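Please open the model in your viewer and keep the sequence panel beside it. The tour below moves from the whole chain to single residues, with a selection to make at each stop.

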Amino acid sequence: MAEAALSLRGVGYRAGAATLVEDVSFDLHPGEVLGLIGPNGAGKTTLLRLMAGLLRPATGEVRLHGRPLPGWPARERARRMGYLPQHFAPHWDYTARELLRLGLERGGSAEGLEEVATLHGVAGLLARRWSSLSGGERARVLAASVLATRPGVVLADEATAALDVGQSLALMRRLRAAAREGAAVAVVVHDLNLALAGCDRLALLHQGRLHALEAAAALAEDARLDAAFGVAFVRVRTAAGLLLSARDGG
């Protein structure tokens with residue numbers, strides 16, 4: 001397996017007296033899509049922000065290509081890592097074209113803007129201002145802006161939350177394409193069936209701890225998944241693969 005693009009060792013984070021993430025260790029490799037899953041409050045977003053360097057661990061460390069994150073100059077780290085936040089509100093009411101140009105310029109060039117917009121299905125939105133876009137349109141424009149520079153590490157926090165089924169699948173395909181081109185991708189996913197379809201491995205978080213890290217197909221069969229979510233999953237095997245539905249485990 002390729003050398004890890006991002007490594008976490010004993011990472012923990014606290015907010016006041018509350019421990020949000022505790023003793024998490026794993027490697028994220030080029031060419032893979034890792035899904036971060038778990039119930040609400042499990043620590044998924046906090047962990048992703050630690051991976052992106054937006055939060056500093058209380059314990060442990062995060063390394064990018066073997067070098068501690070704080071040791072990277074901010075501009076160089078921004079070129080190597082793409083982060084799709086759960087919520088994004090630009091200070092100015094940019095047009096989609098301006099946001100996409102800013103994303104390309106972060107990678108050192110603003111060439112190919114029209115091609116990138118077409119690839120990500122936002123060509124028809126380029127003249128629109130951020131304030132006029134729907135939640136789904138904003139998510140698509142932001143994804144195009146972040147992925148345009150082909151960063152080596154892509155971290156996405158519920159990037160499909162505002163998208164419909166078709167758009168969600170399309171974005172997961174683009175994340176998969178980024179991985180095929182050599183990126184290391186980690187994405188917080190609430191839809192477990194989407195995670196199964198789009199991810200190579202799944203990291204199951206519960207109460208801030210890493211309860212399982214397995215191949216997606218293996219974790220889908222694991223009783224730890226049921227325990228973390230507090231439900232009894234029904235596993236349905238189809239020609240397209242395993243599907244999960246939940247029934248009350250109580």
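What follows is a walk through the chain, beginning with the overall view and ending at one charged side chain.

**Before you start**

This is a predicted model, in which local features need pLDDT of at least 70 and side-chain atom pairs count only at pLDDT 80 or more, while totals for chains, interfaces and linings use all residues. Residues are numbered from 1 along each chain as its sequence is written, and side-chain values use heavy atoms, with hydrogens and water left out.

**Stop 1: the whole chain**

Show the chain as a cartoon, and you will find 9 helices and 12 strands; these are DSSP runs numbered from the N terminus, with helices (H or I) of at least four residues and strands (E) of at least two. Along its principal axes, the C-alpha trace spans about 50 × 45 × 35 Å. The radius of gyration is 18 Å, which agrees with the value near 18 Å that a compact globule of 250 residues would have; the radius is taken over C-alpha atoms, and the globule rule is 2.2 Å times the number of residues to the power 0.38.

Now switch to a surface. The accessible surface of the chain comes to about 11900 Å², and carbon and sulfur atoms account for 51% of that area; accessible areas come from the Shrake-Rupley method with a 1.4 Å probe, and for residues only the protein chains shown count as cover. Of the 250 residues, 47% are buried, where buried means under 20% relative accessible area, exposed means over 50%, and partly exposed lies in between (1.4 Å probe, protein chains only). Among contacts with a separation of 6 or more, 60% are between residues 24 or more positions apart, a contact being heavy atoms within 4.5 Å.

**Stop 2: helix H1**

Select residues 44-52, which form helix H1. Is this helix enclosed or open to the outside? Because 7 of its 9 residues are buried, H1 is largely enclosed by the rest of the structure. The buried residues are Lys44, Thr46, Leu47, Leu48, Leu50, Met51 and Ala52. Then add glycine 53, which follows H1 and has a positive phi, near 80 degrees.

**Stop 3: two loop residues with positive phi**

Go next to arginine 150, in the loop between helix H5 (135-147) and strand S7 (153-157). Its phi is near 50 degrees, a positive value in a residue other than glycine, and arginine 150 is exposed, with a relative accessible area of 63%.

Glutamine 207 is the second residue to select, in the loop between strand S9 (201-206) and strand S10 (209-215). Here phi is near 55 degrees, again positive in a residue other than glycine, and glutamine 207 is exposed at a relative accessible area of 63%.

**Stop 4: salt bridges**

The structure holds 13 salt bridges, each defined as a side-chain nitrogen of Lys or Arg within 4 Å of a carboxyl oxygen of Asp or Glu. Show the side chains of three pairs in turn.

- Select arginine 63 and glutamate 61, whose closest N and O atoms are 2.5 Å apart. Arginine 63 is partly exposed at 29% relative accessibility, and glutamate 61 is partly exposed with a relative accessible area of 29%.
- Select glutamate 114 and arginine 97, which meet in a salt bridge of 2.8 Å, N to O. This pair links distant parts of the chain, with glutamate 114 in helix H4 (residues 113-119) and arginine 97 in helix H3 (residues 96-106), 17 residues apart.
- Select arginine 224 and glutamate 214, which form a salt bridge with the closest N and O atoms 3.1 Å apart. Arginine 224 lies in helix H9 (residues 223-229) and glutamate 214 in strand S10, so the pair ties together parts that are 10 residues apart in sequence. Add Asp222 to the selection, since salt bridges that share partners join Glu214, Asp222 and Arg224 into one network.

**Stop 5: arginine 174**

Finish in helix H6 (residues 165-180), where arginine 174 is found. Which side chain of opposite charge is nearest to arginine 174? That side chain is aspartate 164, 9.5 Å away, and arginine 174 is buried yet has no salt bridge; in this account Lys and Arg count as positive and Asp and Glu as negative, while His and the chain ends are not counted. Leaving aside neighbours within four places in sequence, arginine 174 is in contact with Leu119, His120 and Leu147.
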